[in-house]
Amino acid sequence: MEQRITRPALRASGLRRCFRQGPREIHVLRGADLEIWPGETVALVGPSGAGKSTLLHILGLLERPDTGSVAIGGQECAELDDVSRTRVRRTEVGFVYQFHHLLVEFSALENVVLPQRIAGLDRKEAERRARDLLKIFGLAERADHRPAELSGGEQQRVAIARAVANAPKLLLADEPTGNLDPPTAERVFQQLLQFVRKAGLAAVIATHNLELAERMDRVVQLEDGLLLAHDPARARSSSGSA
């Protein structure tokens, strides 16, 4: 019998975040709410400086909001201590950034093995899963190459494989194709989207590319510290001002 999904992979409520610049207060988030279900891909759009990266950091437990709550897989994380937040982040959340941030002294395989070893998986199983993931992303023949020996698209695909190595419930991606040329960005995005949907991950992908955004299940726009339903005219206007 197919398992019924009864709770969202991510639920964020009333997120507020304010920064100080001297006497000035900058309210980046003013009560943002977001709910994402397993298997759902959500595009996060908005102009540069709107707070997309801050929001992703809060959703991924890298940063605490001033007020509000974040629940991942039904687990409320607001009151967790730093050790517990790190444990949840390590096992339940995957991150992909605009720049791959691979460890340059390690091979592609070793970069994907490392987070699994940190999570406690034995080396043999971690290497088996790493090779499987690299194969899925078309990198089986590049497993023993270091980042400097890989193209930009290959580096980013290794970074994606690393992000999903521990089978997280939630994937957070911050402009994952923003540093790639258009044809390469298209290939990487397509592989990312296919993997997320097949694996049943919940994914939040921040992007300035509205064509890519509109191919996801839903688009939300960060504007004036709130997450709003997608309005193509507003999104294009905001993107043009970025």
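In this predicted model, T177 is buried, with a relative accessible area of 10%. This residue lies in the loop that runs between β7 and α6, and, when residues up to four places away in sequence are not counted, T177 touches A185, V188, F189 and L212. The loop between β7 and α6 also holds E175, which counts as buried at 12% relative accessibility. The phi angle of E175 is near 50°, a positive value in a residue other than glycine. Most residues other than glycine have a negative phi. A positive phi is likewise found at L61, where the angle is near 65° and the residue is again not a glycine. L61 belongs to the loop between α1 (52-59) and β4 (67-72), and with a relative accessibility of 3% L61 counts as buried.

The strand β7 that precedes this loop is part of an open sheet of six strands, arranged in the order β6-β7-β8-β3-β9-β10 and with mixed pairing. The edges of the sheet are formed by β6 (93-96) and β10 (226-229), each of which has a single partner strand, so that one side of each is left without a neighbour in the sheet. From one strand to the next, the twist averages 25°. At one edge, β6 and β7 pair in the parallel sense over four bridges, and within this pairing V93 stands opposite L170 in β7. At the other edge, strand β9 (residues 218-223) and β10 run antiparallel and are joined by four bridges, with Q221 standing opposite L228 in β10.

Helices pack against this sheet. Helix α2 (residues 82-92) touches β6 and β7 (170-174), and the direction of α2 makes about 70° with that of β6. Helix α6 (residues 182-199) lies across β3 (41-45), β7 and β8 (202-206), and runs at about 135° to β3. Although β6 stands at an edge of the sheet, both of its faces are covered, with V93 and F95 buried on one side and G94 and V96 buried on the other.

A further buried position is provided by A213, which has a relative accessible area of 1% and is placed in helix α7 (residues 210-213). With neighbours within four places in sequence left aside, A213 is in contact with A43, V45, T207 and V219. A213 and L44 are 169 residues apart in sequence, yet their C-alpha atoms are 7.7 Å apart in space. A contrasting pair is formed by A108 and L59, which are 49 residues apart along the chain and whose C-alpha atoms are separated by 27 Å.

A108 itself is placed in helix α3 and counts as buried at 2% relative accessibility. Beyond its neighbours within four places in sequence, A108 is in contact with L134, R142, A143, H145, L150 and V158. Two of the helix packings in the model involve α3 and can be described in turn. Two packed helices are described by the angle between their axes and the distance between the axes.

In one of these packings, helix α3 (residues 108-118) and helix α5 (residues 152-163) meet at an angle of about 25°, with their axes 8 Å apart. As angles under 35 degrees count as roughly parallel, α3 and α5 are therefore roughly parallel to each other. The crossing of α3 past α5 is right-handed. The contact brings A108, N111, V112 and P115 of α3 against V158, A161 and R162 of α5, and its residues divide into five nonpolar, one polar and one charged.

In the packing of α3 with helix α4 (residues 123-136), the angle is about 130° and the axes are 8 Å apart. The two helices α3 and α4 are therefore oblique to each other, and their crossing is right-handed. On the side of α3 the contact is made by A108, L109, V112, V113, Q116 and R117, which meet R123, E125, A126, E127, R129, A130, R131, L133 and L134 in α4. By class, this contact of α3 with α4 has eight nonpolar, one polar and six charged residues. A108 and V112 take part in the contact with α5 and also in the contact with α4.

How values were computed
Residues are numbered from 1 along each chain as its sequence is written. This is a predicted model: local features need pLDDT of at least 70, side-chain atom pairs count only at pLDDT 80 or more; totals for chains, interfaces and linings use all residues. Side-chain values use heavy atoms; hydrogens and water are left out. Two strands pair if DSSP finds at least two bridges between them. Axes are lines fitted to C-alpha atoms, for helices over the stretch in contact, and angles run from 0 to 180 degrees between N-to-C directions. Contact means heavy atoms within 4.5 Å. Buried means under 20% relative accessible area, exposed over 50%, partly exposed in between (1.4 Å probe, protein chains only). Angles under 35 degrees count as roughly parallel, over 145 as roughly antiparallel, 65 to 115 as roughly perpendicular and the rest as oblique. A crossing is left-handed if the near helix is turned anticlockwise from the far one by less than a right angle, and right-handed if clockwise. Ala, Val, Leu, Ile, Met, Phe, Trp, Tyr, Cys and Pro count as nonpolar, Asp, Glu, Lys and Arg as charged, and the others, Gly among them, as polar.
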